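The report below describes how the chains of one model meet and which charged side chains pair within them. Please keep the sequence and the structure in view while reading.

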Amino acid sequence: MSFLEIIDQFENFNFKEYFNSVSKKDIEETLRKNRLSHYDLLNLLSETGEKYLEEMAQKASELTVQYFGRTIQLFIPLYLSNYCTNNCIYCGFSVKNSIKRRKLTLKEIEREACEITKTGMRHILILTGEAIEVTPLSYLKDAVTLLSKYFSSVSIEILPLEIKQYKTLKKAGVDGLTIYQEVYDRKIYEKVHLSGNKKDYDFRINTPENGALSGLRMINVGTLFGLGEKRKEAFFTALHAKYLRDKYIDTEISISLPRINSAEGDFKPFCNVNDMNFVQFLMAFRLFLPRVGITISTREGADFRDRLLFLGATRFSAGSKTEVGGYALSGAESGTQFDIHDNRSVDEIISTIKSKGFQPVFKDWDVF
Amino acid sequence: MSSDLFKLGEKTFKSRLLTGTGKFASKSFIPKMLKSSKSEIITIALRRIDFNSKTENIIDFIPDDITLLPNTSGARTAGEAVRIARIAREAGCGNFVKIEVITDMKYLMPDNHETLMATEILAKEGFIVLPYILPDLVTAKKLEDAGACAIMPLGSAIGSNRGIKTKEIIEILIENCTMPIIIDAGIGRPSHAAEAMEMGADAVLVNTAIASAKDPESMGKAFSLAVCAGRMAYLSDMGRQGKSASASSPLTGFLR
Amino acid sequence: MIITVNGKTESTSSNTILDYITGKKIKPESLVVEYNFSILKKGLWSTTFLKENDILELLSFVGGG
């Protein structure tokens, strides 16, 4: 059964009714279990679950230490290009936005890489908008080949590709893929993606699986909180991660929780996700999928991120710039994708992590 | 629990207790045991005849409505297991086969690698393949891909009656495999069988414990009741013992 | 002629497989015959003639776990 078929099974499921029916006893029952069903997940995501945050936190904290130890994997994002042919109403890079567009040449990429390695970071995430003519596969391949010389892990967060194309990039040195569905609710997906290839819901939802099938070592999924109804979106995100984890046991799966942010082109989120919701969902993910990673970006503020260390987070971006390049001084500014709310330098983040009793991990493995 | 049928290959069974024909003091116990235990699947082996002794055909002791599960015991390689399976089918035993390939003569642990190779061949030939393995998730996943119809992880060494020593690994298989899990080997007491079913196993295979009992007929019934009890407990979704609240500092106070 | 039965070579003067089996006083009902690596159905035992260097496996189902 494909993940699309799994989602379709819930087409007539009355989420509102179910969430309203969750009793305190249901939550207590769920918290007693070690192996959670998707009904247990729904219980934890419900409004009733809000009354049990501390109990969830204690269990989530214990599970995270049990399966991940007290370690936080660090990575740094590098935007190679912000050209984009899609019109997504929530995104700073939308083709309709008149921002300064820029694409790094290979020489510029190398300059950025040199600058970044000074921070000690060894895992890099490269990002582009969707513009295959501007950043064709050959360009991406060259960029990855180059960056593989500087970093021990290269992940990509770029336009969705076919299995064959992922294999090409894997050969060049890519080992991880981040791809967010943005919104699992089909109707809202249609509403927020007005033009461009990204309109293809089915292709996008199958992309994480394409990544796994091409042999990539790590797949990171997520929904963009603020678009779809938050509890439903959290539910489908976790189901998606579980589907991939169950089907591809040789692939590391992790979940991100990006929340819509002010730079995202004046767009007002349809659904507000406050800190309490965020924490509740993060912990529900941890309890439902104890061994799946949880990635937190610098969209979230410093203090908040530090709290999340104790609640289930396992990967942090650090010292991030969300404009194209941005690490090496070039004088060329370009539009950012989202506002950064944790402006600490890599060194500052490292020392905070250590002070909280965690070990920052720069290099987890080498790509052979 | 009349709706809780056990689907295996193309057949459906009421009983989740598989039995074996080995080690009985007398073969005459077998039909009585089958009746008292309500087991519907029984294993048999294939051997060269002994010219010097009277050959009793084990099949004569098994009622026609029982599904035969020939096992490839004696095979030391995938090739030998495949040959035995084909012979058994040709001889009229049906499509089911339990692949047992043992090269370790000390502990009688199965050879997962040879078992996988035999499964790949026999599944393509239309056999309902039940491989007997040392529990291992990677092997189990490969067996699923190869077309096995169930996985038979051992609970502990054959004949040891030590119970389910491989419990944690089997729990991983139960959680991650889509095919039925039939725990085989090492189940020495009805309580072990109940435990296996409480864990979420789909069925158990018990041979030595029943065959070597003073009263195999009663022991068969005891195992049957234990399997039902364990299964019923599992289906009623037993709540696990909650851990007492740990007195550590609050983690979500900052949200209020 | 010399044939191999259950892994051992022996000399026999039997004509057909059935002759050989009845000669050894084996009950045919419980027997499975593999003749030169293929199963020989019971109906063919009386009409299959043994040749030099034939390989026979005489098997039966026994108790096993």
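## Contacts between chains and salt bridges

Arg35(A) forms a salt bridge with Glu175(B), and the closest N and O atoms of this pair are 3.3 Å apart; a salt bridge here is a side-chain nitrogen of Lys or Arg within 4 Å of a carboxyl oxygen of Asp or Glu. The model is predicted, so that local features need pLDDT of at least 70 and side-chain atom pairs count only at pLDDT 80 or more, while totals for chains, interfaces and linings use all residues. Residues are numbered from 1 along each chain as its sequence is written, chains are lettered from A and ligands numbered from 1 in the order in which they are written, and side-chain values use heavy atoms, with hydrogens and water left out.

**Chain A against chain B.** The count between these two chains is 1 salt bridge, alongside 4 residue pairs in polar contact, both residues being at pLDDT 80 or more. A polar contact is a pair of N or O atoms within 3.5 Å; within protein, one must be able to donate a hydrogen and the other to accept it, and residues adjacent in sequence count only if both atoms are side-chain atoms. On the side of chain A that touches chain B, the elements that give two or more residues are α3 (24-32), α5 (53-68), α12 (275-288) and α13 (302-308) of chain A, where helices (H or I, at least four residues) and strands (E, at least two) are DSSP runs numbered from the N terminus. The largest share, 6 residues, comes from α5(A). By class, this side of chain A divides into 9 nonpolar, 3 polar and 9 charged residues; Ala, Val, Leu, Ile, Met, Phe, Trp, Tyr, Cys and Pro count as nonpolar, Asp, Glu, Lys and Arg as charged, and the others, Gly among them, as polar.

In total, 21 residues from chain A and 22 residues from chain B take part in the contact, which means heavy atoms within 4.5 Å. The area buried between chain A and chain B is about 1,900 Å², with carbon and sulfur atoms giving 54% of it; buried area is the accessible area (1.4 Å probe) that two parts lose on being put together, summed over both. Arg35(A), Gln58(A) and Ile249(A) supply 33% of the area that chain A buries against chain B, more than any other three residues.

In helix α5 (residues 167-176) of chain B, Ile170(B), Leu173(B), Ile174(B) and Asn176(B) are buried, a term that stands for under 20% relative accessible area, with exposed over 50% and partly exposed in between (1.4 Å probe, protein chains only). The buried residues of α5(B) pack against α11 of chain A, together with α4 (137-146), β8 (152-153), β9 (182-184) and α6 (190-199) of chain B.

**Chain C against chain B.** Here 23 residues of chain C are in contact with 26 residues of chain B, and the buried area is about 2,100 Å², of which carbon and sulfur atoms give 60%. Phe61(C), Val62(C) and Gly65(C) lose the most area to chain B among the residues of chain C, together 32% of what that side buries. Strand β4 (residues 41-48) of chain B is joined to β5(C) by 5 bridges, and the two run antiparallel; strands pair if DSSP finds at least two bridges between them. Leu46(B) stands opposite Phe61(C) in β5(C). Across this interface there are 4 salt bridges, including that of Arg83(B) with Glu57(C), whose closest N and O atoms are 3.9 Å apart.

**Salt bridges within chains.** Over all chains the structure holds 31 salt bridges, among them the following.

| Pair | Closest N to O distance |
|---|---|
| Lys33(A) and Asp40(A) | 3.2 Å |
| Arg259(A) and Glu300(A) | 2.6 Å |
| Arg86(B) and Glu125(B) | 2.4 Å |

Lys33(A) is buried at 14% relative accessible area, and Asp40(A) is buried at 4%. Arg259(A) lies in the loop between β8 (252-256) and α12 of chain A and Glu300(A) in the loop between β9 (293-296) and α13 of chain A, so this pair ties together parts that are 41 residues apart in sequence. Arg86(B), in helix α2 (residues 78-90) of chain B, is bridged to Glu125(B) in the loop between α3 (112-124) and β7 (128-133) of chain B, so the pair ties together parts that are 39 residues apart in sequence.
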